[in-house]
Amino acid sequence: QSVAGSIVARGSEAQPGRTHKLFIINEEAAEGEETLDVRERQNTRLVRKGALVAEVRYIDGVVGYRVDGRTYQAHGSAAELGVSAGDGIRLENDCRFYALRDGLLEQKDNTLSCQAAYVHKGSVNLASGNLRFEGAVVIEGDIESGATVEITGPLIVQGSIDGARVSCTGNIEVKGGVNTGRQGYLHVGGNAHLGFIENSVVHVRGDLAVQRSIAHSLVISGGAIVIEDESRGTIMGGLVSAWQAVVCARFGTQEGQVT
């Protein structure tokens, strides 16, 4: 039947409030609707050319409703917030930031930029050879046993680090875990965000965030060490040292392993 003249969906416009913030669009969330505050994230992220990577939104005011029932907040002003578009980023309508190229998204001194990045297809191993690069790097695989990776800049590893020697002067994000063994190490000049650490030597100049656990490792941080799992996060065995704080749900084990 025809729906002419009938209301099939109804939305309402969001109204601005008094406080707005810059939000990074989380490309891993469904339809990019969930967002992360870039100031809480504190690390780089791979973005694609033409993608909406960030926008200024009010965190108060009147919530709006899209015609499919989803909620949204009114857009704020980037100029008023003091956030600008740097190299590799385009600002539209004073609120939305778009990537002009594939690269790593980064914020420094309230400027959002997209660094040109070298993307290594697959894993770094004995077959591919060691990797040394000046600039941002994305490894679309693992860093395997025996490999050496030396990066002057930020580094994203889509897989894990296993028995390798890895150093970078910028921030690092490892989607999987880190297990360097006795022969390997991970040295980071900026902040680090890792899945887990096990049987490893890890030195981080800035803050270290670990999703699940640290086990039987030597971990030193010039900032804070935070285990993000607030209910089951564990640090057990080994030595952990931080200049600011160590935040974790559980320390040590019932078996009495020295931590």
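1. Strand S20 and its partners. Leu194, in S20, stands opposite Val210 in strand S22. The model is a predicted one, and this pairing of S20 with S22 (residues 208–210) is parallel, over 3 bridges. Leu194 also has Val174 opposite it. Strand S18 (residues 172–179) pairs with S20 in the parallel sense over 5 bridges. A further parallel partner of S20 is strand S23 (residues 213–221), joined to it by 2 bridges; there, Ile197 has Ile214 as its bridge partner.

2. Setting of S20. The strand covers residues 192–198, and 5 of its 7 residues are buried, so S20 is largely enclosed by the rest of the structure.

3. Nonpolar cores. Leu194 appears again in the largest nonpolar core, where it is one of the residues with the most contacts inside that core. The core has 32 residues, and the others named for their contacts are Ile143, Val149, Leu155, Ile172, Leu186 and Leu208. Another core, of 14 residues, lies apart from it and includes Ile24, Val53, Phe97 and Leu105. In soluble globular proteins, nonpolar side chains tend to be buried together.

4. Surroundings of Ile143. Beyond its neighbours within four places in sequence, Ile143 is in contact with Val124, Val149, Val157, Ser160, Ile161, Asp162, Ala164 and Val166. Of these contacts, Val149 is also among the residues with the most contacts inside the largest core.

5. Cysteines. How many disulfides does the structure hold? The number is 0. The cysteine sulfur closest to that of Cys95 belongs to Cys114 and is 19 Å away, which is too far for a bond. Cys114 is likewise in no disulfide, and the nearest cysteine sulfur to its own, that of Cys168, lies at 18 Å. Cys95 has a relative accessible area of 6% and is therefore buried. For Cys114 the relative accessible area is 1%, so this residue also counts as buried.

6. His120. This residue is placed in strand S11 (residues 111–121). Is His120 buried or exposed? Its relative accessible area is 11%, so His120 is buried. The side chain of His120 makes a polar contact, at 3.4 Å, with the side chain of Tyr118. Leaving aside neighbours within four places in sequence, the residues in contact with His120 are Ser128, Val138, Ile139 and Glu140.

7. Ser77. Where is Ser77 found? It sits in the loop between strand S6 (71–72) and helix H2 (78–81). Why does Ser77 count as buried? Its relative accessibility is 15%, and the cut-off for buried is under 20%. The side chain of Ser77 reaches the backbone nitrogen of Ala79 at 3.4 Å. Outside its neighbours within four places in sequence, Ser77 is in contact with His20, Val56 and Asp94. Tyr58 is 19 residues from Ser77 in sequence, and the two C-alpha atoms are 9.2 Å apart in space.

8. Confidence. The chain has a mean pLDDT of 89, and 93% of its residues reach 70 or more. Over residues 28–43, however, pLDDT stays under 50. For that stretch the model has 37 contacts beyond four places in sequence.

Terms used: Residues are numbered from 1 along each chain as its sequence is written. This is a predicted model: local features need pLDDT of at least 70, side-chain atom pairs count only at pLDDT 80 or more; totals for chains, interfaces and linings use all residues. Side-chain values use heavy atoms; hydrogens and water are left out. pLDDT is the predictor's confidence in each residue, from 0 to 100. Contact means heavy atoms within 4.5 Å. Helices (H or I, at least four residues) and strands (E, at least two) are DSSP runs, numbered from the N terminus. Buried means under 20% relative accessible area, exposed over 50%, partly exposed in between (1.4 Å probe, protein chains only). A polar contact is a pair of N or O atoms within 3.5 Å; within protein, one must be able to donate a hydrogen and the other to accept it, and residues adjacent in sequence count only if both atoms are side-chain atoms. Two strands pair if DSSP finds at least two bridges between them. A nonpolar core is a set of buried Ala, Val, Leu, Ile, Met, Phe, Trp, Tyr and Cys residues joined through side-chain atoms within 4.5 Å. A disulfide is a pair of cysteine sulfur atoms within 2.5 Å.
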